[in-house]
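Hi everyone, thanks for coming. Have the picture open while I talk, and stop me whenever you like.

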Amino acid sequence: MLDDEGPSQSDVDRFGSETTTCPECREDVYEDAGVCPNCGHVFDPPTGPPTWAIWVAAFLATVIVVMWVLA
Ligand SMILES: [Zn+2]
C-alpha cells in the first residue's frame, strides 16, 4: 500500500460517506470525521438545519399552502 493514509475508493463506497480535503494538510478525510486524522485539524461543525428538517419544513409549508388554497 503506497497510500494508506487517506480513505481509499473502496472505503468511500463501503461507508457511503463524502470526503473533503483538509485545508491544513490537503489530505482527503471524511466530511463527518470532525477532526482530520492526519494533522488534527478540527473542521467547522455543520451549520444550518439537517437535510431532513428542511424537507419536513418544506412538506409542512406545502400542506399549509394547500389547506389555505382549499379553505
Ligand atoms: Zn489535515
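**A walk through the model**

Let's begin at Pro-37, which sits in the loop between strand E2 (28-30) and helix H2 (51-70). Please keep in mind that we are looking at a predicted model.

Is Pro-37 buried, exposed or partly exposed? To be called buried, a residue needs 20 or more other C-beta atoms within 10 Å of its own, and 12 or fewer would make it exposed. Pro-37 has 15 such neighbours inside 10 Å, so it counts as partly exposed. Now find Glu-5. In sequence, Pro-37 and Glu-5 are 32 residues apart, yet their C-alpha atoms are 8.6 Å apart in space.

Let's step back to the whole chain. The protein has two helices and two strands, and from the N terminus their order is α-β-β-α. Of its 71 residues, 4% are buried. As for contacts, take those with a separation of 6 or more: 3% of them join residues 24 or more positions apart.

Next stop, Arg-26, in the loop between strand E1 (19-21) and E2. What is special about its phi? The phi of Arg-26 is near 65°, a positive value in a residue other than glycine. For background, most residues other than glycine have a negative phi. Arg-26 has 10 C-beta neighbours inside 10 Å, so this residue counts as exposed.

Now for helix H2. How does its span agree with what we should expect? H2 has 20 residues, and at 1.5 Å a residue they should span 28 Å. The C-alpha atoms at the two ends of H2 are 29 Å apart, which agrees. And how many residues of H2 are buried? The number is zero out of 20, so H2 lies largely in the open.

Last, a word on confidence. The average pLDDT of the protein is 83, and 76% of the residues score at least 70. Where is confidence lowest, and where is it highest? The lowest is in helix H1 (residues 9-15), with a mean of 60, while H2 has the highest, at 95. Where pLDDT is low, the predicted coordinates should not be read in detail.

That's my tour, and I'm happy to take questions.

Conventions. Residues are numbered from 1 along each chain as its sequence is written. This is a predicted model: local features need pLDDT of at least 70, side-chain atom pairs count only at pLDDT 80 or more; totals for chains, interfaces and linings use all residues. Helices (H or I, at least four residues) and strands (E, at least two) are DSSP runs, numbered from the N terminus. Two residues are in contact if their C-beta atoms, placed from the backbone, lie within 7 Å. pLDDT is the predictor's confidence in each residue, from 0 to 100. The expected span of a helix is 1.5 Å times one less than its number of residues.
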